[in-house]
Amino acid sequence: MSVPAETADLLAYIEASPTPWHCVAETAARLEAAGYTSVDETAKDWPGDAGAKLYVTRGDGSIIAWRMGSAPPADAGFRVIGAHTDSPNLRVKPKPDRHNVGYHTLGLETYGGVLLATWPDRDLGLAGRVTVTDGDAMRTELIRVDRPICRIPNLSIHLNRGVNKDGLILNKQTHLPAVWAIGDTETPGAFAAWLAGEAEVATDDVLGWDLCLYDVQPPAFGGRDDAFIFAPRLDNQHSCHSGLSALLASDEDDAPKATSVLALFDHEEIGSRSSRGAQGSFLRDVLTRVAGGTASDMARATASSFLVSADMSHGVHPNYADKHDPQHRPMMNGGPVLKTHNEWRYATDVESSATWRAICRDAGVPCQEFVNRTDLACGSTIGPIVASSLGMKGVDVGCAQWSMHSIRETGGAEDPPLMIAAMRRFFGWG
Ligand SMILES: [Zn+2]
């Protein structure tokens, strides 16, 4: 079966991005290859000519890229696509070494709303960033140990007879430590010494780490007709990839008046409240400078701007169809899903939804709609956070998927090109 090139490219993007920091590095590499230039937040002046293509990162986990429009932002505003780079996972504790009944295990913490029962019996690698001594200074580098060195073994059904009736209940403290060696004696700092070897530095030079476990099985197309994609981190690297691909593709379109912006944030899965999260100052700081530097420039730009908050949507599940409202059942490969919530868990309102539908119609892309069942609590996104803190109108959209927050999720293979086409049209809209 032939598969869409955009979707094959999405799978490559996900494979390159086992952590939010790798996701930002991959995004930056693609921007550089397309002629974008890195700028530093400490620099006094940034280029502001029409058509200038720039990007800036904060804390390795968040990145904002923009292409200046043909008109000043204060006159023509911003077209912002926002998404998040992080996904729920398990992370290595600062002092992870544990020894029990002859096995060496690693203490782990959960990050975000992990669907824990999907992690046992997976081939787990380790990736993240390590800070090391560098002469009199220090540096932080990305690391990826891409082989199955960790395991969280399930308990045999013979020792857990009720598991299929009662469900798999995992205690985060006692059941998650990952097995990674046999027979070691207790040596303080054994993990740090191993990590130093992987990073090719002396043990004493390892100052600390942010390390995530991840499934080393690569993403794949699946189903009888390759209608599906099976992959980790669809929430929300799928949306990061769509926004990035749309930004790069829109380079070939007529130069828009508005300034095109892609804002990818870390820390959405833990509430966005951090120096580089959507609730922090990053986007406001960057857009204010790009708008001209004054509060008045920024207020004028914001008033004519539009935000597309892109995050994944729950597709109706054939075995649990009653979990959806009967009139709002997004289908895989049915195109972008417009998400609405009366109490503002999403940034969509009546006017912005009409704008998004018009954009989709113009791009020749079908548009689906989602609202939660009224008796279920609704999730949220960066949409309401950015829309409320900047005072910017916008919508929440995303492609349908199953198994959100599982170690391996399912999406539709036809959806990425549809979302990219709609987002590409958005950058030139209005
Ligand atoms: Zn998400």
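This report walks through helix packing, salt bridges and a few backbone oddities in one structure. Keep in mind that the model is predicted.

**Helix 10, the enclosed one**

Let's start with helix 10, which spans residues 383-390. Six of its eight residues are buried, so the helix is largely enclosed by the rest of the structure. The buried set is Gly 383, Pro 384, Ile 385, Val 386, Ala 387 and Leu 390. What covers these residues? The cover is a mix of helices and strands, including helix 7 (282-291) and helix 8 (295-303) along with strand 13 (259-265), strand 14 (306-310) and strand 18 (393-398). Just past the end of helix 10 sits Gly 391, with a positive phi of about 70 degrees.

**Helix 11 and its two partners**

Helix 11 (residues 415-427) packs with helix 6 (residues 234-249), their axes coming within 8 Å and crossing at roughly 50 degrees. That angle makes helix 6 oblique to helix 11. As for the hand of the crossing, helix 6 and helix 11 cross in a right-handed way. On the helix 6 side, the contact residues are His 238, His 241, Ser 242, Gly 243, Ser 245, Ala 246, Leu 247 and Ala 249, and on the helix 11 side they are Pro 416, Met 419, Ile 420, Met 423, Arg 424 and Phe 427. Sorted by character, the residues of this contact between helix 6 and helix 11 come out as eight nonpolar, five polar and one charged.

Helix 6 has a backbone feature of its own to check. The peptide bond from Asp 235 to Asn 236 is cis, with omega near 15 degrees, and Asn 236 belongs to helix 6.

The other partner is helix 1 (residues 5-15). Helix 1 packs with helix 11 at an angle of about 100 degrees, the axes being 7 Å apart. Helix 1 and helix 11 are therefore roughly perpendicular to each other. From helix 1, Glu 6, Thr 7 and Leu 10 take part, meeting Pro 416, Pro 417 and Ile 420 of helix 11. The residues of this contact between helix 1 and helix 11 split into four nonpolar, one polar and one charged. Pro 416 and Ile 420 of helix 11 turn up in the contact with helix 6 and again in the contact with helix 1.

**Salt bridges**

How many salt bridges does the structure hold? The count is 24. Here are three of them, with the N to O distance for each.

| Pair | N to O distance |
|---|---|
| Glu 15 and Arg 144 | 3.7 Å |
| Arg 224 and Asp 225 | 2.7 Å |
| Arg 425 and Asp 362 | 2.4 Å |

Take the salt bridge of Glu 15 with Arg 144. Glu 15 is in helix 1 and Arg 144 is in strand 8 (residues 137-150), so the pair ties together parts that are 129 residues apart in sequence. Glu 15 is partly exposed at 27% relative accessible area, and Arg 144 is partly exposed as well, at 30%.

Arg 425 and Asp 362 also meet in a salt bridge. With Arg 425 in helix 11 and Asp 362 in helix 9 (residues 350-363), this pair ties together parts that are 63 residues apart in sequence. Arg 425 is partly exposed, with a relative accessible area of 27%, and Asp 362 is partly exposed too, with 46%.

For the bridge between Arg 224 and Asp 225, Arg 224 counts as exposed at 78% relative accessibility. Its partner Asp 225 counts as partly exposed at 33%.

There is also a network of salt bridges, which links Asp 9, Glu 26 and Arg 30.

**Positive phi outside glycine**

Two residues are worth a look on a backbone plot. Val 101 has phi near 40 degrees, a positive value in a residue other than glycine. Where is Val 101 found? Val 101 is in the loop between strand 5 (89-100) and strand 6 (103-111), and is exposed, with a relative accessible area of 71%.

Glu 200 likewise takes a positive phi, about 60 degrees, although it is not a glycine. Glu 200 sits in the loop between helix 5 (190-199) and strand 10 (206-215). Is Glu 200 buried or exposed? Its relative accessible area is 74%, so Glu 200 is exposed.

Technical notes:
Residues are numbered from 1 along each chain as its sequence is written. This is a predicted model: local features need pLDDT of at least 70, side-chain atom pairs count only at pLDDT 80 or more; totals for chains, interfaces and linings use all residues. Side-chain values use heavy atoms; hydrogens and water are left out. Buried means under 20% relative accessible area, exposed over 50%, partly exposed in between (1.4 Å probe, protein chains only). Helices (H or I, at least four residues) and strands (E, at least two) are DSSP runs, numbered from the N terminus. Contact means heavy atoms within 4.5 Å. Axes are lines fitted to C-alpha atoms, for helices over the stretch in contact, and angles run from 0 to 180 degrees between N-to-C directions. Angles under 35 degrees count as roughly parallel, over 145 as roughly antiparallel, 65 to 115 as roughly perpendicular and the rest as oblique. A crossing is left-handed if the near helix is turned anticlockwise from the far one by less than a right angle, and right-handed if clockwise. Ala, Val, Leu, Ile, Met, Phe, Trp, Tyr, Cys and Pro count as nonpolar, Asp, Glu, Lys and Arg as charged, and the others, Gly among them, as polar. A salt bridge is a side-chain nitrogen of Lys or Arg within 4 Å of a carboxyl oxygen of Asp or Glu.
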